Amino acid sequence: TGTDAAEFIELYDGGVGNSSLNGFVVVLFNGSTDVSYAAFDLDGYVTNANGYFVLGNTNVPNVGLIFSNDLLQNGQDAVALYYSDATSFPTGTAVTTGNLIDAFVYDTDDNDDPGLLVLLNAGQPQVNENGRDNGLSHSSQRLPNGTGGARNTSTYDQTLPTPGAANAYADIS
């Protein structure tokens, strides 16, 4: 409640480890307008030895790229990974599937946003971050760890955060 100071986005290379992130960009989309509001160029970064890379607030463990508190928007929004450059996604860029690698479309007890759902494969659900009625204490994760495939959200569930480590279900009720 209050300032969002434990926000993070975790990338996983499938466990290969030490994978270059050159040529990739993480783009954040606002569901109110279906346009970008931030982009992070990943040139010069690599996943850790276990295959993880974390973007997030300073309070989050294992962060490799820091962004400001309250940056990730609540509501109908999306995080997308592209093979591109941050300069291709200035603030206000419309949602696109060109060079899209993966995406996570989420909400907080909101209706689905058809303008963002195009980032996912057909039939994949928008993920409710409050899906287990504990949105302030958990994160949305692919469970089992890393499953589901690119642009698929059907294996996401909510559990205790594990930034920079394997996702594992824990009872959060």
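These are my notebook entries on the fold and overall dimensions of one chain.

**Entry 1, the model.** I began by reminding myself that this is a predicted model. I kept that in mind for everything below.

**Entry 2, secondary structure.** I looked up the elements and found one helix and ten strands in the chain. Reading from the N terminus, I wrote down the run β-β-β-β-β-β-β-α-β-β-β.

**Entry 3, the sheet.** Which order do the strands of the open sheet take? I traced five strands in the order β3-β2-β6-β7-β8, and their pairing is mixed. The edges are β3, at residues 35–41, and β8, at residues 127–128; each of these pairs on one side only.

**Entry 4, one strand pair.** Next I followed β2, residues 24–30, to its pairing with β3. The two run in the antiparallel sense and share six bridges. I picked out one residue to look at by name: Val25 has Asp41 in β3 as its bridge partner. A note to self: strands of a sheet pair through backbone hydrogen bonds, either parallel or antiparallel.

**Entry 5, overall dimensions.** I checked the radius of gyration, which is 15 Å; this agrees with a compact globule, because one of 173 residues would have a value near 16 Å. Along the principal axes, the C-alpha atoms fill a box of roughly 40 × 35 × 30 Å.

**Entry 6, burial, contacts and surface.** I found that 46% of the 173 residues are buried. I then turned to contacts between residues at least 6 apart in sequence: 60% of them join residues at least 24 apart. Last, I noted an accessible surface of about 8,100 Å², with 49% of that belonging to carbon and sulfur atoms.

Note on methods: Residues are numbered from 1 along each chain as its sequence is written. This is a predicted model: local features need pLDDT of at least 70, side-chain atom pairs count only at pLDDT 80 or more; totals for chains, interfaces and linings use all residues. Side-chain values use heavy atoms; hydrogens and water are left out. Two strands pair if DSSP finds at least two bridges between them. Helices (H or I, at least four residues) and strands (E, at least two) are DSSP runs, numbered from the N terminus. The radius of gyration is taken over C-alpha atoms; the globule rule is 2.2 Å times the number of residues to the power 0.38. Buried means under 20% relative accessible area, exposed over 50%, partly exposed in between (1.4 Å probe, protein chains only). Contact means heavy atoms within 4.5 Å. Accessible areas come from the Shrake-Rupley method with a 1.4 Å probe; for residues, only the protein chains shown count as cover.
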